[in-house]
Amino acid sequence: MYKDLHVYQLEHPTQVIEWTSGRTVCVAGYSSSKNEILELHLPLKLFADENKGLCAERDFKVVHGGFAEGPVCCLRHVPGTRCVVTNDGLSSDLQVWTVGGDDSDVIRRTGSVKGRRSVSEGGSRIAAPLSSQLLHGARSSDVQLTQLTSGQILYTLETDSADPLSSLQFVSDTVFLAGCCNGNVYIADTRTSAAPQLSPGPAAWGGSVLWWTDASAGRVIRLSSSGQAVVSDLRDLGEAVSWAQLDVQSHRCNPDDVRVSWAPALDNCIAVSGFSGAVQIYKTSVWGTERQDVQPLFEHRGHAVSSQSDDDVFVTAHVWHPERPRTLLSAASDGSVHVWDWVDQSEL
Amino acid sequence: MPEIKVTPLGAGQDVGRSCILVSIGGKNIMLDCGMHMGYNDDRRFPDFSYITQNGRLTEFLDCVIISHFHLDHCGALPFMSEMVGYDGPIYMTHPTKAICPILLEDFRKITVDKKGETNFFTSQMIKDCMKKVVPLNLHQTVQVDDELEIKAYYAGHVLGAAMVQIKVGSESVVYTGDYNMTPDRHLGAAWIDKCRPDILISESTYATTIRDSKRCRERDFLKKVHESIERGGKVLIPVFALGRAQELCILLETFWERMNLKAPIYFSTGLTEKANHYYKLFITWTNQKIRKTFVQRNMFEFKHIKAFDRSYADNPGPMVVFATPGMLHAGQSLQIFKKWAGNEKNMVIMPGYCVQGTIGHKILNGQRKLEMEGRSTLDVKLQVEYMSFSAHADAKGIMQLIRMAEPRNMLLVHGEAVKMEFLKGKIEQEFSIDCHMPANGETATVTTNPSVPVDISLNLLKREMALGGPLPDPKKPRTMHGTLIMKENSLKLVSSEQALKELGLNEHQLRFTCRVQLQDPHSDPDTLNRIYTHLKSVLKGYTIQHLPDGTVMVESIVIKVSSSAEDTSTKVLLLSWSYQDDVFFCFFFVSFLSLIFSKQWLRDSIDS
């Protein structure tokens with residue numbers, strides 16, 4: 001079932017896992033008071049491909065740490081720098097941090113970026129395309145591109161409605177996608193002042209639902225809180241290429257925890273989490289244009305199975321390794337963090 | 001202010017040879033005396049020149065304490081005691097005392113015989129060193145001398161590992177050595193009471209590690225063994241007589257039972273005897289589960305694990321063999337290795353660190369061609385797996401331990417160049433205590449605030465209560481007077497009368513006198529009367545008496561008036577007061593002088 005499996009217990013649960021390099025990730029607490037931000041180095045054994053047997057090192061190393069005054073709901077690494085940006089989910093302002101430097105192990109707060117509106121529910125989404133710019137916003141009406149060093153606003157998204165966002169990401173150097181909780185998707189180019197393209201949400205099978213979006217290599221997936229998944233082409237979001245009813249416990253979904261993501265190094269694979277204590281991998285290439293129930297290709301149930309807490313455990317975050325095809329990291333509400341490399345049984 | 005000083009010694013900048021000096025209450029203690037396994041020269045030994053530039057260490061150290069038998073904690077002990085020179089007591093637990101010399105001898109053999117080193121301790125030195133050892137029992141306070149006492153606590157980690165509390169008077173330090181906060185299959189978890197030491201000393205690597213679960217490590221081990229067995233291969237697991245071997249046996253036995261596997265598992269001869277012998281001696285050091293098993297049956301009575309015979313190594317088909325010694329440097333494990341190394345279906349699993357110079361060390365470094373005795377080479381075709389099963393605490397564990405012991409200060413030994421500000425800040429914030437991180441050779445000084453307990457006599461307490469006024473309150477302390485007697489080892493606060501009685505001393509009264517000259521034509525009694533009247537009107541609320549013997553008393557101050565022999569208008573006022581009233585006298589005297597040299601008084605003097 002697994003080629004590699006590592007199970008860790010953090011002192012406090014995290015809602016964020018963000019790659020800061022090919023071998024390090026940042027995690028952070030989300031309690032209402034003071035929280036830690038940690039940069040962890042993944043175990044050496046995971047990367048020792050040829051001489052794996054000779055490497056006994058299976059542990060995370062805490063390489064840097066810092067303290068945040070409030071919860072950390074969103075954390076983004078600014079590529080090409082040693083900076084990360086966070087949002088506390090209470091306002092749309094962002095905090096800027098520098099990781100390490102001067103031979104120190106501290107993650108230090110070095111600045112902030114003001115959001116367009118001071119108060120917002122649901123917190124801001126953040127996307128970092130280049131090393132000096134940040135795209136952020138909590139609603140479709142307050143998305144802006146800010147110059148990191150000067151604070152200058154380079155672009156603002158103008159929309160008619162103020163839909164809360166569930167995702168914000170770049171699909172090219174200047175074109176970005178803003179996915180709203182109501183299923184609407186805006187696509188805009190930061191170089192132009194032209195109006196964004198709006199694609200309304202797909203017809204929901206389960207009544208009023210929330211939607212999450214992820215885009216990669218020209219495809220877009222939208223997932224609803226009732227487990228409905230729709231695959232579209234980026235250039236034609238109005239049409240669905242395929243869809244399916246996923247096998248998720250939709251009645252228990254926690255909006256803050258749901259994540260859907262395309263595998264960066266595998267074709268047509270998505271990972272879904274936040275509905276329970278499991279992370280599910282689905283292969284979208286077998287989906288059709290008729291509504292059908294599908295089963296996951298793989299299900300990582302480790303968090304629920306090995307949980308020591310009495311309450312139900314929820315997976316709060318997952319990320320794919322950018323290069324290793326089947327390696328993922330997942331975190332749950334009990335503070336556990338797993339690193340796993342799954343085996344595709346269908347290929348055996 | 002009293003202080004405790006802590007200096008980590010040690011070679012090189014990395015953690016690896018624990019050796020910490022503590023100065024507490026005038027006593028000097030050495031904690032652990034480890035060897036750095038990565039160096040071949042003097043850098044592998046701690047730098048003892050910090051204690052003294054030349055000469056023996058005996059007069060500079062009150063005792064040496066060893067936490068457990070791992071070489072990075074005791075490897076330099078014979079060198080320190082026999083080659084540098086130390087004749088004082090060396091404290092360690094019973095299991096450590098039994099196992100240490102075996103590991104040291106093995107290590108010595110490898111270093112001298114295999115690597116041909118000359119400046120190394122000899123077998124005799126190991127024996128002489130162990131003669132200085134005083135064994136410790138858990139939770140038992142041992143008096144090193146009149147003032148220094150030590151106590152060992154269970155640390156988990158390996159058989160016999162201890163955390164040690166060092167106490168002088170009311171100052172104390174706890175050193176953790178290596179410890180583990182979660183029980184494993186054959187050892188319990190570390191435990192300490194809320195002893196509130198002034199300093200808790202531990203290693204920083206704990207706090208910066210988040211350990212992979214035991215389950216995953218075991219899963220990996222079982223998976224590797226199973227894969228080899230499935231393809232018909234043989235698995236060799238070189239082990240030391242006990243500890244990890246126990247753990248892995250229990251694991252395999254359970255797995256074999258669950259998966260209904262048929263391949264044989266063997267223990268090499270000698271292993272079972274040694275292991276049983278040690279466990280009988282040290283059963284109290286293992287955990288509850290093992291103890292229960294041992295009572296019912298022999299330690300090594302497993303359903304699927306049998307005693308090994310040399311000839312079995314040539315049997316066809318899959319098998320698993322546990323054999324000593326652990327680093328493949330000699331004996332049976334090496335013999336078996338030589339037979340099995342040439343087949344790629346086979347596997348060797350190294351469950352622990354191997355010292356430089358051993359075959360184990362070479363194959364773990366990827367060497368695939370080994371030079372054996374008689375110039376022959378051995379091709380290493382079998383799979384080599386390095387798995388670490390050693391039980392260490394981690395970031396979460398160290399916080400748990402701090403919560404258990406409630407130290408007033410934290411001290412982390414690290415030796416790494418990187419500043420560990422985050423870690424320091426985390427501990428300081430979470431527990432509101434200072435966190436010190438001295439580098440090797442650097443001294444951390446911690447100021448302590450020892451409380452000195454004093455007994456107070458009941459009579460004195462009653463007397464103070466009888467003085468009335470508000471009850472003493474921690475926010476509003478009240479001064480009280482008494483005499484402090486230090487007798488034998490106790491301190492008592494008693495009334496002065498009781499002190500005089502107890503000590504057989506006579507009470508002496510001190511009275512002071514002073515003379516003030518005054519011009520006054522009146523008669524002596526008249527002057528005295530005027531003084532009396534004026535004082536009465538000015539010093540209201542004080543007891544002022546005019547006594548028939550011709551004196552005026554203000555509280556206990558006595559005032560007499562007499563005339564100078566030459567001139568009757570020159571009056572000499574004699575003032576006398578006791579030592580107890582010194583403070584009051586100063587106040588009175590100021591009033592008195594301002595009174596008799598006032599205009600009113602002069603006018604009255606002239607007028608009458």
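Which hand does the crossing of α16(B) and α17(B) have? The crossing is right-handed. The model shown in these views is predicted.

**View 1. Helices α16 and α17 of chain B pack against each other.**
Helix α16 of chain B covers residues 524-538, and helix α17 of chain B covers residues 582-596. Their axes lie 11 Å apart, at an angle of about 120 degrees. That angle makes α16(B) oblique to α17(B).

**View 2. Side chains from two helices of chain B come into contact.**
Helix α16(B) brings B:Ile531, B:His534, B:Leu535 and B:Val538. On the other side, α17(B) brings B:Phe588, B:Phe592 and B:Leu595. By class, six residues of this contact are nonpolar and one is polar. None is charged.

**View 3. The largest cavity holds about 260 Å³ of space.**
The structure has four cavities of 30 Å³ or more. In the largest, 24 residues form the lining. Closest to the centre are A:Glu11, A:Glu36, A:Leu38, B:Ile210 and B:Lys426.

**View 4. Strands of chain A and helices of chain B help to line the largest cavity.**
From chain A come β3 (24-29), β4 (35-41) and β5 (60-68). From chain B come α12 (395-405) and α13 (421-431). Each of these elements supplies at least two lining residues. The largest share, four residues, comes from β5(A). By class, the lining of this cavity has eleven nonpolar, seven polar and six charged residues.

How values were computed: Residues are numbered from 1 along each chain as its sequence is written. Chains are lettered from A and ligands numbered from 1 in the order in which they are written. This is a predicted model: local features need pLDDT of at least 70, side-chain atom pairs count only at pLDDT 80 or more; totals for chains, interfaces and linings use all residues. Side-chain values use heavy atoms; hydrogens and water are left out. Axes are lines fitted to C-alpha atoms, for helices over the stretch in contact, and angles run from 0 to 180 degrees between N-to-C directions. Angles under 35 degrees count as roughly parallel, over 145 as roughly antiparallel, 65 to 115 as roughly perpendicular and the rest as oblique. A crossing is left-handed if the near helix is turned anticlockwise from the far one by less than a right angle, and right-handed if clockwise. Contact means heavy atoms within 4.5 Å. Ala, Val, Leu, Ile, Met, Phe, Trp, Tyr, Cys and Pro count as nonpolar, Asp, Glu, Lys and Arg as charged, and the others, Gly among them, as polar. On a 1 Å grid over the protein atoms alone, a cavity is a set of points where a 1.4 Å probe fits but cannot get out, and a pocket is an open set with protein on both sides within 12 Å along at least five of seven lines; lining residues have an atom within 4 Å of a point. Grid points are joined across faces, edges and corners, and a volume is the space filled by probe spheres set on the points.
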